[in-house]
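Trainee: I would like a close look at a single part of this structure. Please choose a sheet, take it apart strand by strand, and then set it against the rest of the chain.

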Amino acid sequence: MLKVTPLGGLGQIGLNSMVVEHGRERLLIDCGLMFPRADQLGVDIVVPDFRALRDDPDAFKAIVLTHAHEDHVGAIPWLIREHAVPIYGTPYTLALVKHRLDEAGLRADLREIGPGASFQLGAFDVEPVNVTHSVPDAVGLVIKTPSGTLVHSGDFKLDLSPIDGRLTDLGRLGELAEGGIDLLLSDSTNAEVEGWVPSESLVKETFERLFTAAPNRVVVAQFGSHLHRVQHLLWLAQKLSRRVVLSGRSLQRNCELARSVGRLVVPDGLLTSMEEAGKLPREQVLIISTGAQAEVRSGLTWLISDEPGPLRLDPGDLVVLSARAIPGNEPNIALLLNKLYLRGVKVVTPSQEPGVHVSGHASRQEQRRLIETVKPRAFVPIHGELKHLHRHRQVATDAGIAEERTLIATNGDVMGVDRHGLHALGRAPVGMLPMRREALAPVSEASLQERLQLAQAGLVIAVVVMQQGGGKILHAPTTSAQGLAGEEQSALTLAAEGAQLALKELSEAVRGDDERVREAMTRGVRRVFKQLFGSRPMIHAVVVRV
Ligand SMILES: [Zn+2]
Ligand SMILES: [Zn+2]
């Protein structure tokens, strides 16, 4: 029997990862992360608990990737340390994965795949099928086994005039469907949205209209991974004689990677630096920037910062927010908008001008079209909160799939597929592990509790013993804390060292001044807690003179 077990991504947005199993052979489709909740202090990423793969490590043969989004590839450095299996992906996807692995000082066996070229992995015959999404080189997967065939949509939409001309290959899926598809697993992200998502070409036209009428600088703030949008912006800039600055590290890196594998074409002499752009006439500048979610220290926040820099926006410049707000970010985006208006900048958002952003995920009519093309014997909605999964199932039953041949599964549900349909086979262990990016072990629940307590009601006391009337440190700072009792005690040692370091930055003469000593210790301790936990506990510094 063909078995499918989601380890993440069902009942949530992000963390997409799914085990496909036949006999004693397992593949993992995608290996994604999600970003932590605001109350998970000092946590950079959340990765799936891969314990389910540990009971039979030899059975785990490979990871097959659908596309280069963090919620599909971001947990690879974490998983690959334990299971050194080959990783299959399209050129741009592998370029991003390799970059992530290099950053972590890891190596892996990376194997390139492409649409139309099926490959054999033990009992699995895997064929990547081109899909349109918001990142280049995205594929869905058709996986044939002796006991059944499944289609995994990846993240997809059915843009009929995509920027790179690569449509979701419904033709090929239709051909494959003639052999019979036992199970369709399909992207539910936009299952609450009626109709079709407009084409990225609409965004292209909207930009051209807006920029042609813009007398000064133009800034487009967008996701750092949306390279189709970068591509048409580059062409438009060339047409309108504007030089382009890429602002934001993730955007620059993604562009470099995409260029290296031929997935982004940059006209010669078009790109310039922020310094050079600052000297150009304002009507000759287009800045493509990260920061549409009002992330701190992103490209856009620098452009309106009061701190000095090579280029700051002036009244009359145009800022286009070319992204939807990710749920939870709305308050920060509202603050960002206020700052932009205060600066006298003109602002265009998707709510004023819907054509400045379109989603990368299929809406209901497109989801239905895929189901009608694949004609699966059974259907399981994936990639979404439960509300999305339920709504997507409705699309499937409307399209004629009998309800008993659909299943709302959540992470850990083991499903069996054969010619007779879909069977619930029990549960596999699953979970979500909060991590520091560079760490080898997850942050424990107890630690998170302590950090939260310290941030909300805690007090850190730092004491230093100094010479009476002088600057000599007689006893290095010690720290104690209320609200920090268990696993996080070691933070206090680091905080004491932080205080000592800050004191050493003062001259001995200045250290004669109690006020300056207290300030320095507070600064030193604060730095440590900010870095470790991303929090600002109350700090009380005490100077004892003897
Ligand atoms: Zn995606
Ligand atoms: Zn996704």
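Mentor: What follows covers the ground rules, one sheet with its helices, and then the rest of the chain.

Residues are numbered from 1 along each chain as its sequence is written, while chains are lettered from A and ligands numbered from 1 in the order in which they are written. The model is predicted: local features need pLDDT of at least 70, side-chain atom pairs count only at pLDDT 80 or more, and totals for chains, interfaces and linings use all residues.

Start with the three-stranded sheet. It is open, its order is 23-22-24, and its pairing is mixed. Strands here are DSSP runs of E with at least two residues, helices are runs of H or I with at least four, and both are numbered from the N terminus. Two strands pair if DSSP finds at least two bridges between them. Strand 23 and strand 24 (538-545) are the edges; each has a single partner strand, so one side of each lacks a neighbour in the sheet. Ignoring direction, neighbouring strands are turned by 15° against each other on average. Angles are taken between N-to-C directions, from 0 to 180 degrees, and axes are lines fitted to C-alpha atoms, for helices over the stretch in contact.

Now the pair of strand 22 (residues 459-466) and strand 23 (residues 473-482). They run antiparallel, joined by seven bridges. Leu459 faces Gln482 of strand 23. Val460 has Ala481 as its bridge partner in strand 23. The two strands make a hairpin with six residues between them. Gly469 sits in that turn with a positive phi of about 70°.

Two helices go with this sheet. Helix 14 (residues 490-504) lies across strand 22 and strand 23 and runs at about 140° to strand 23. Helix 15 (residues 514-533) also packs on the sheet, where it touches strand 22, strand 23 and strand 24. The direction of helix 15 makes about 140° with that of strand 24. A contact here means that the C-beta atoms of two residues, placed from the backbone, lie within 7 Å.

Set this against the six-stranded sheet. That sheet is open and mixed too, in the order 8-9-10-11-12-18. Strand 8 (119-121) and strand 18 (378-382) are at its edges with a single partner strand each, so one side of each has no neighbour in the sheet. Its twist averages 20° from one strand to the next. Inside it, strand 11 (residues 148-152) and strand 12 (residues 183-187) pair in the parallel sense over three bridges. Leu150 has Leu183 of strand 12 as its bridge partner.

The loop between strand 9 (124-130) and strand 10 (139-145) holds His133. Asp137 is in that loop as well. His133 counts as buried because it has 28 C-beta neighbours inside 10 Å. Asp137 is buried because 29 such neighbours lie inside 10 Å. Buried means 20 or more other C-beta atoms within 10 Å, exposed means 12 or fewer, and partly exposed is in between; C-beta atoms are placed from the backbone. Apart from neighbours within four places in sequence, the contacts of His133 are His67, Ala138, Asp155, Phe156, Lys157 and Gly360. Asp137 is not a glycine, yet its phi is positive, about 65°. Most residues other than glycine have a negative phi.

Ser241 has a positive phi too, near 55°. It lies in the loop between helix 6 and strand 14 (243-247). Ser241 counts as exposed because 8 other C-beta atoms lie within 10 Å.

Helix 6 (residues 227-239) leads to a helix pair. Its axis and that of helix 5 (residues 200-212) come within 10 Å and cross at roughly 35°. Helix 5 contributes Glu200, Val203, Lys204, Phe207, Glu208 and Phe211 to the contact; helix 6 contributes His228, Arg229, His232, Leu233 and Leu236.

Finally, the whole chain. It has 15 helices and 24 strands. Its C-alpha atoms fill a box of roughly 90 × 60 × 40 Å along the principal axes. Of its 546 residues, 47% count as buried.
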